[in-house]
Amino acid sequence: MFETRRLRSRIVLQIVLTLLVVPFAFPLVAMVQGSLAGSGWANYTTVLSLPQLPRFFVNSAIVAAGVILIVLACTMTAAFGFSKLSIRGKEIYFWMLLAALTLPEVVLLAPLFATITQIGAYNTLWAVILPLAALQIPFTVLLARNFVDGIPDPLLEAARIDGANTVRTFWHLLLPLTRPIMAAVVVLVFINSWNNFLLPLLFLQTPDQQTVTLVPQFFVGQYNNDQTKVLAAAVLTGLPVVIAYTCLQRFFERGLAAGALK
Amino acid sequence: MHSLTPERRRVDPEPRTEAAADPVTHRRGRGDRRPGLPWILPALIVSVGLLYYCIGYTGFISTLDWDGASPEQTGVGAENFVHMAQDPVFWGAIWHTVVFFVLTFSIQVGLGMAFACLLHSRVHLRTFYKVLIFIPVVLATATTAPAFRQIFAPDGALNGVLSALGLGGLTQAWLANGTTALLIVIFVQVWQSTGVVFVLYYAAIGQIEPEIIEAARLDGAGDLRIIRSLVWPGVRGTTIAIAILSAIGSLKTFDIPYLITQGGPSYATEFLGTQIYRVSVALSQVGYGAALSIVLLVLAITTAIIINAGGRRGGRTDV
């Protein structure tokens, strides 16, 4: 983009870029540094030796896996139905889904709370999994439908002429063709569920049911606000996503940016 | 994403004999004609069912005076909404949302464009910079909030850096001042979401043909001129999408003020999300919280429609 024929301009660009990145790196550095202040690595061993800690990670993994399964199943079938099958009043249903796209989760707070306590799902992971899935489906269906719309109809017709019924067409033809969008959906849903804070805050009461986003708060109570241990705990909760991201950079960037591609 | 363009659907105009003979497949190019309702039902039940049920329920609660737990619910009509119109905290939250949106949107667009243009140039360590900008996107606010509270604390990292630079006069309790607290909330949001904006612009700029830029350069256009007259109009659609995303995001703001400033000091960083949470959970005024929720919902939908329509109209006059 920028003129880089002279060495001087190349050096200037590199310096400008570095200066612009500093504010992005600074909080990360401060976080790691803060977690090593005081007793150094001992902060981490203290945090890791807490028997409750693995539970938070397991719970978050269950929530993420549950939401991904529900969203993926609902999204791919719905995208297939909306895009390739005949449904009376199809667009009405589609718009009903789209209207929920802008829905802020905090709006659901009171009715969810009332309903969840009534059916006895309070302090169970279902209280987080189901609303999270419901909130993501409108968007993932929009994404996946756009993608499936691009698959040529003759391909599906050919499958049918060869005797494949709708289920077989979906399973053996559509799913393999939609792998890129499924990857995007999985990444998007994983990050959103792993990082969600409000729903666990509202509905998960005891540490044995809580998720990683509640870990820093738990440690504030546990360590009487010993910042170094709280930061060490925070770093540990962030590590899995950072590792996942650096290993699968392209998937993450595509998946999370898919939000704005219409 | 759209490597398979809709044009492909029109590729099949020649009637094949088997297809033409079959009355079911006759209407070609409109997809499979077999009933599809069962296929969309799971999504409709989980999503539309649950969400619309909740919205309806919220609408009902918004007419009540209710603490959320007791069986005693008193219908009060529109009283909650009247109370809202006179509630300075509500108007404060609206104002903070507007300021938050204007600042985060313009800074993100500026930074995102700068990074996208810089990383499309010949620079070293491209992946390294990209990863640094994008890591904040994947981290939960809950994970980074303790770090930000520490950085902006009176004895925190920021004041430490300022003193080390000989700017000790600037040090202060950043989170105790209403204005700086709001600016911190905005900073954290920009820190978190510039990565996405950057990736979007990076992809959009990649779509602009290099020959056009090369031609402009040969005609003597400078870097900034090229960005303003060629790149910026070229990524217009992306900018509108980012506007919608950050407008809706501003209305949804909850995690950052809740975790870093608790909406304070004295409501200076209160947003609709944090106010709904505080009113419904801490104060147990569930009816009033529901009324706020309904207003938030209406604002979110209206905003999306307005920006979408405005973007489309602007697009036509551009061409």
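**Chain B and its contact with chain A**

In chain B of this predicted model, residues 24 or more positions apart account for 66% of the contacts with a separation of 6 or more. The secondary structure of chain B consists of 14 helices and two strands. Of its 319 residues, 43% count as buried.

One helix pair shows how parts of chain B that are separated in sequence meet. Helix H4 of chain B, residues 88-119, packs against helix H11 of chain B, residues 236-252, at an angle of about 145°, and the two axes lie 9 Å apart. The crossing of H4(B) past H11(B) is right-handed. On the H4(B) side the contact includes B:Phe100, B:Phe101, B:Thr104 and B:Gln108; on the H11(B) side, B:Ile242, B:Ala243, B:Ser246 and B:Leu251 are among the residues met. The residues of this contact divide into eight nonpolar and six polar, with no charged ones.

Helix H5 of chain B covers residues 126-138. Its 13 residues reach 19 Å from the first C-alpha to the last, close to the expected 18 Å. H5(B) nevertheless has a kink of about 25° at B:Leu132, shortly before the proline B:Pro136. That proline is itself buried, as are B:Tyr129, B:Ile133, B:Phe134, B:Val137 and B:Val138 in H5(B).

The remaining topic is the contact between the chains. Chain A contributes 93 residues and chain B contributes 96. On the side of chain A that touches chain B, helix H1 of chain A (residues 7-35) gives the most, with 14 residues. The residues on that side of chain A divide into 66 nonpolar, 18 polar and nine charged.

Conventions
Residues are numbered from 1 along each chain as its sequence is written. Chains are lettered from A and ligands numbered from 1 in the order in which they are written. This is a predicted model: local features need pLDDT of at least 70, side-chain atom pairs count only at pLDDT 80 or more; totals for chains, interfaces and linings use all residues. Helices (H or I, at least four residues) and strands (E, at least two) are DSSP runs, numbered from the N terminus. The expected span of a helix is 1.5 Å times one less than its number of residues. The bend at a residue is the angle between axes fitted to the seven residues ending there and the seven starting there. A residue is buried if 20 or more other C-beta atoms lie within 10 Å of its own, exposed if 12 or fewer, and partly exposed in between; C-beta atoms are placed from the backbone. Two residues are in contact if their C-beta atoms, placed from the backbone, lie within 7 Å. Ala, Val, Leu, Ile, Met, Phe, Trp, Tyr, Cys and Pro count as nonpolar, Asp, Glu, Lys and Arg as charged, and the others, Gly among them, as polar. Axes are lines fitted to C-alpha atoms, for helices over the stretch in contact, and angles run from 0 to 180 degrees between N-to-C directions. A crossing is left-handed if the near helix is turned anticlockwise from the far one by less than a right angle, and right-handed if clockwise.
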